[in-house]
Amino acid sequence: MTNNLKGIGASAGIAIAKAYRLEEPELTVEKREISDKEAEKQRFEQAIAKSKSELEKIKEHADRELGADKAEIFAAHLLVLSDPELLNPVTDKINTESVNAEFAMKETADMFVSMFESMDNEYMKERAADIRDVTKRVIAHLLGVQIPNPSLISEEVIIIAEDLTPSDTAQLNRQYVKGFTTNIGGRTSHSAIMARSMEIPAVVGTKQATTSIENDTIVIVDGLDGDVIINPSSEVISQYEEKKAKYEQQKAEWAKLVNEPTVTKDGQHVELAANIGTPNDVKGVLENGGEAVGLYRTEFLYMGRDQLPTEEEQFDAYKAVLERMEGKPVVVRTLDIGGDKELPYLHLPKEMNPFLGFRAIRLCLEEQDIFRTQLRALLRASTYGNLRIMFPMIATVTEFREAKAILLEEKEKLVANGVQVSDAIEIGIMVEIPSTAVMADQFAKEVDFFSIGTNDLIQYTMAADRMNERVSYLYQPYNPAILRLVSMVIDAAHKEGKWAGMCGEMAGDPIAIPLLLGLGLDEFSMSATSILPARTQIKGLSKAEAQSFKEKVLAMTTTEEVVAFVKETYQV
Ligand code: PEP
Ligand code: MG
């Protein structure tokens, strides 16, 4: 059977491989009376042994691929599996109550989990999470079901999932995971953003990937056009192999521009920067000819672990990025947690509208210990390169003033203690909330720069969730409403002699690029893999011509009109 799914091409490239479904299995535990207690205890011991050997492998992989701090979580899990306080009550239950091992395990684990969770102690709460995780693995073995683990994959696959969290995505092994496709998500969901920085082809928002694709079926993921082909014939496979080869050729053409500046036909320079999530991404930035880091999303440092990163860990990461960029500008965004980026260990209450809730700078201004630790790490790292600090989700000038005052306070304290801090750090904000775009003229008097975060600015302006493919038709970067806001922000910056960049996905979009050039954008920050195609495009554009269309475009009525104009004028 041949079948196609249509989704959103979230990361360019083509992958052809076997499907690997990443889903949590149903673990329903029933109580049974057993007659052979010795056999039951043996079954239990075997499940423990299997779980241990799996965890050893996961730990080794995490250590190799993600660093010792991520591997520590699994070391803690292994300790749980050797803890007699947890294991003895299980065998006691089998002995005294004649119950099956999975039931005895679950009852014992549930008892510890609820006891630890009710304690007002972060450490014990984290232990509860460890116990829950580990017992799930043991129970799965007892029930004979497999818990999928992407870090254990050892052959080439395409991941099929309902959704991937950013930390799931971070655990994917690039050697074997050739692509992925999900039911939900859009181009700006964080799994899509991570896929681009890891250069893994991806199609998201297919709605039906998990209901249409069985394990081991051959699948083609076409991240260029947003197509997923299930069980293709050999002719179709050859067609896609050809398309893939063409894309590789195109990439080789682009690569020739890697050391060239980004200059328009009429000699105007714009800066092409990259968005990164970890220090390891800097390699991709330089390989793709990035002139700066326009957005370092520091929240990934806080994710996929079970406690906050220390000041020292953060200092090391920021210093590494600054050093590796060798004096090129690096815009570091302070913690932007919330929305689809959760930190379970902060135990924040569930919210009705997480994208509109207690997140990013709102959280940092309230939980000042977290904020100040990050700022100190940044200030201390500032002497290793060209650091710019940016606050996310700023909605009012007062929030900016508060954040800046805290930053200056920490700087003063460090300097008073004899610590060297750069005096050239620019302090800017993300413009991703409409109120801030509207008030850009006032902000421009106080900030050093703006970086327009269109991923959020579009969702808040259009009231259309960036994760929800059912309202994705409203997610319109080229809507004149968005273009007018962007234009206001750029004009406000220039009036005060400041620069304006954009770090939302729109900055690397071939339809948006001529428009943004015409609106006067100074810096375009995008996924590293978009830099060379963008440079190729910009070299063929005239800034003066693009600017001559500014008023005409801002006076248009619909997205469709804008897109038709760009396509006709620039043959994009
Ligand atoms: C944005 O909102 O445009 C942005 C760059 O930030 P994030 O995608 O991390 O929310
Ligand atoms: Mg944002």
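Which helix gives the most to the lining of the second largest pocket? In this predicted model, the answer is α2, which contributes six residues to that lining. The report below starts from this pocket, then turns to the ligand and the cavity that holds it, and ends with two loop residues.

**The second largest pocket**

The second largest pocket encloses about 440 Å³ of space, and its lining is made up of 20 residues, with Ala76, Val80, Tyr123, Arg127 and Asp130 lying nearest the centre. Two or more lining residues are given by each of α2 (68–80), α3 (84–97), α4 (101–117) and α5 (122–143). Sorted by class, the lining of this pocket holds nine nonpolar residues, one polar residue and 10 charged ones.

**Ligand 1 and its shell**

Around ligand 1 there are 16 residues, and those that come nearest are Arg297, Arg333, Gly453, Asn455 and Arg466. Three polar contacts of ligand 1 are set out in the table, each of them made by an oxygen atom of the ligand.

| Residue | Part of the residue | Distance to an oxygen atom of ligand 1 |
|---|---|---|
| Asn455 | polar backbone atom | 2.8 Å |
| Asp456 | polar side-chain atom | 3.0 Å |
| Arg466 | N or O atom in the side chain | 2.8 Å |

Taken alone, ligand 1 exposes 290 Å², and the protein buries 100% of that area. The shell around the ligand draws at least two residues from each of α7 (190–198), β10 (292–297) and α18 (454–462), and the largest share, three residues, belongs to α18. In terms of class, seven residues of this shell are charged, five are polar and four are nonpolar.

**The largest cavity**

Rolling a probe the size of a water molecule over the atoms shows where empty space is left. By the rule applied here, the model contains three cavities of 30 Å³ or more, and the largest of them holds about 100 Å³ of space. Of the 16 residues that line the largest cavity, Arg297, Arg333, Glu432, Asn455 and Asp456 are the closest to its centre.

Where does ligand 1 sit with respect to the cavities? The space that ligand 1 takes is the largest cavity. Arg297, Arg333 and Asn455 are accordingly named twice, being among the residues that come nearest to the ligand and also among those closest to the centre of the cavity. Asp456, another residue close to that centre, places a polar side-chain atom 3.0 Å from an oxygen atom of ligand 1.

The lining of the largest cavity receives at least two residues from each of β10 and α18, with α18 supplying the largest share, three residues. Its composition by class is eight charged, five polar and three nonpolar residues.

**Two loop residues with positive phi**

Most residues other than glycine have a negative phi, and most peptide bonds are trans. Against that background, two residues can be pointed out. Lys207, a residue other than glycine, has a positive phi near 65°, and its place is in the loop between β6 (202–204) and α8 (209–212). His347, which is not a glycine either, has a positive phi of about 50°, and this residue lies in the loop between β11 (329–333) and α13 (360–366).

Technical notes:
Residues are numbered from 1 along each chain as its sequence is written. Chains are lettered from A and ligands numbered from 1 in the order in which they are written. This is a predicted model: local features need pLDDT of at least 70, side-chain atom pairs count only at pLDDT 80 or more; totals for chains, interfaces and linings use all residues. Side-chain values use heavy atoms; hydrogens and water are left out. A residue is near a molecule or strand if one of its heavy atoms lies within 4 Å of it. A polar contact is a pair of N or O atoms within 3.5 Å; within protein, one must be able to donate a hydrogen and the other to accept it, and residues adjacent in sequence count only if both atoms are side-chain atoms. Accessible areas come from the Shrake-Rupley method with a 1.4 Å probe; for residues, only the protein chains shown count as cover. On a 1 Å grid over the protein atoms alone, a cavity is a set of points where a 1.4 Å probe fits but cannot get out, and a pocket is an open set with protein on both sides within 12 Å along at least five of seven lines; lining residues have an atom within 4 Å of a point. A molecule sits in a cavity or pocket if more than half of its atoms lie within 2 Å of its grid points. Helices (H or I, at least four residues) and strands (E, at least two) are DSSP runs, numbered from the N terminus. Ala, Val, Leu, Ile, Met, Phe, Trp, Tyr, Cys and Pro count as nonpolar, Asp, Glu, Lys and Arg as charged, and the others, Gly among them, as polar. Grid points are joined across faces, edges and corners, and a volume is the space filled by probe spheres set on the points.
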